[in-house]
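User: Hi! I have a new structure to look at and could use some company. Could you walk me through it?
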Amino acid sequence: MYLTDYHTHSCCSPDSTARLEDMVRAARRAGLRELCTTDHCDLQDENGAPLGGWDWTPILDQYWRARDKGGSEVKVLLGLELGGAYTDPGRAEALVAAAPLDFVIGSIHNLSPEAGGRDFFYLDYRSEEACYTTLDDYFASMLALTRLDCYDALGHIIYPLRYMNGRAGWHITLDRYGEQLDQLLRAVIQNGKAIEVNTHGGREVEDWHPILRHYHQLGGELVTTGSDAHSPGNVGRGISQAVALLRETGFHRFAVYRKRRPEWIKL
């Protein structure tokens, strides 16, 4: 089985202390064939304020040191998780053009500027109403993101649920967002972009079933798999289950990327 992890974070992300070399070693132990490092580049801080300059040096230095550590078993690729690109499209385009990237995840981690810009991690999900108000804003931001060309795969579409349900203890579903999801997936397909199955370290796999089924029914083909690992112990977690879920929902192949161009791997 050809297994790939296209969503991982190292010490070049503010929420990880892992060295990329250790992530690559973990990928070898997990039996992965490809590991893409996708450190955070958010255009907003946790309070929604625009972030300042961006320095590619530590990411590139670490990548050049680590990329051969996979040997012949694991191909190591350079990626980025670009957060909130729609808030400053010009800056987002300049950032991704400044490095030899293989792959870019486009993500939303914050409320829109109009809603205060607070990072979802820090929100108080005190009621179901607060959860749905957040999701209303989230899907509007996601749709704005799909209109851009600075990303390759739309990141973790179900992202806020990990805080609403996993941490706050609600049982929020996306049932009322069928129209928004339909618009989102159609825009991704029309623009030649991918979606990712983000396993959240193996904790979120089956959650993707309805989205993958609908994406496939709409004609979507481009899908990547990622663990969202922030430590070596989570590298590759849930990836084999994600591949099985792709087969179950009708897919016959998934995507890997080279210089931001997709290539196909048969399931």
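Analyst: Happy to! One term before we start: helices (H or I, at least four residues) and strands (E, at least two) are DSSP runs, numbered from the N terminus. With that numbering, H200 is found in the loop between β6 and α7. Please keep in mind that this is a predicted model.

User: Good to know. How many helices and strands does the chain have?
Analyst: There are eight helices and nine strands in the chain.

User: And what about H200, is it buried or exposed?
Analyst: H200 counts as buried, because its relative accessibility is 16% and the cut-off for buried is under 20%. Its backbone also stands out: H200 has a positive phi of about 50° although it is not a glycine.

User: Why point that out?
Analyst: Because most residues other than glycine have a negative phi.

User: Which other residue has a positive phi although it is not a glycine?
Analyst: R260 does, with a phi of about 70°. You'll find R260 in the loop between β8 (253–258) and β9 (261–266). R260 counts as partly exposed, at 24% relative accessibility.

User: Back to the loop between β6 and α7. Where does T199 lie?
Analyst: T199 lies in that loop, between β6 (194–198) and α7 (209–217). T199 is buried, with a relative accessible area of 0%.

User: What is T199 in contact with, leaving aside its neighbours within four places in sequence?
Analyst: Its contacts there are E204, V205, G226, S227, R237, G238, I239 and A242. You could also look at Q241: T199 and Q241 are 42 residues apart in sequence, and their C-alpha atoms are 8.8 Å apart in space.

User: Let's zoom out. What are the dimensions of the box that the C-alpha atoms fill?
Analyst: Taken along the principal axes, the box is roughly 50 × 45 × 35 Å. The radius of gyration is 17 Å, which agrees with the value near 18 Å for a compact globule of 267 residues.

User: How much of the chain is buried?
Analyst: Buried residues make up 56% of the 267 residues. As for the surface, the chain exposes about 11500 Å², and carbon and sulfur atoms supply 47% of that.

User: What about charges?
Analyst: The chain has 28 positive and 37 negative side chains. The centres of the two sets lie 8 Å apart.

User: Now the inside. Which residues have the most contacts inside the largest nonpolar core?
Analyst: Those are L82, L135 and I157, in a core of 90 residues. The largest share of this core, nine residues, comes from helix α4 (residues 128–146).

User: What does L82 touch?
Analyst: Not counting neighbours within four places in sequence, L82 has contacts that include C41, L43, A92, L95, C150 and S107.

User: Tell me about S107, then. Where does it lie?
Analyst: S107 lies in strand β4 (residues 103–107) and counts as buried, at 0% relative accessibility. Beyond its neighbours within four places in sequence, S107 is in contact with E81, L82, G83, G84, L145, G155 and H156.

User: And helix α4, is S141 in there buried or exposed?
Analyst: S141 has its place in helix α4 and is buried, with a relative accessible area of 3%. Residues up to four places away in sequence aside, S141 touches Y86, I108 and S112.

User: Last one: what share of the contacts with a separation of 6 or more comes from residues 24 or more positions apart?
Analyst: Such residues account for 76% of those contacts.

Definitions and conventions
Residues are numbered from 1 along each chain as its sequence is written. This is a predicted model: local features need pLDDT of at least 70, side-chain atom pairs count only at pLDDT 80 or more; totals for chains, interfaces and linings use all residues. Side-chain values use heavy atoms; hydrogens and water are left out. A nonpolar core is a set of buried Ala, Val, Leu, Ile, Met, Phe, Trp, Tyr and Cys residues joined through side-chain atoms within 4.5 Å. Buried means under 20% relative accessible area, exposed over 50%, partly exposed in between (1.4 Å probe, protein chains only). Contact means heavy atoms within 4.5 Å. The radius of gyration is taken over C-alpha atoms; the globule rule is 2.2 Å times the number of residues to the power 0.38. Accessible areas come from the Shrake-Rupley method with a 1.4 Å probe; for residues, only the protein chains shown count as cover. Lys and Arg count as positive and Asp and Glu as negative; His and the chain ends are not counted. The place of a charge is taken as NZ of Lys, CZ of Arg, CG of Asp or CD of Glu.
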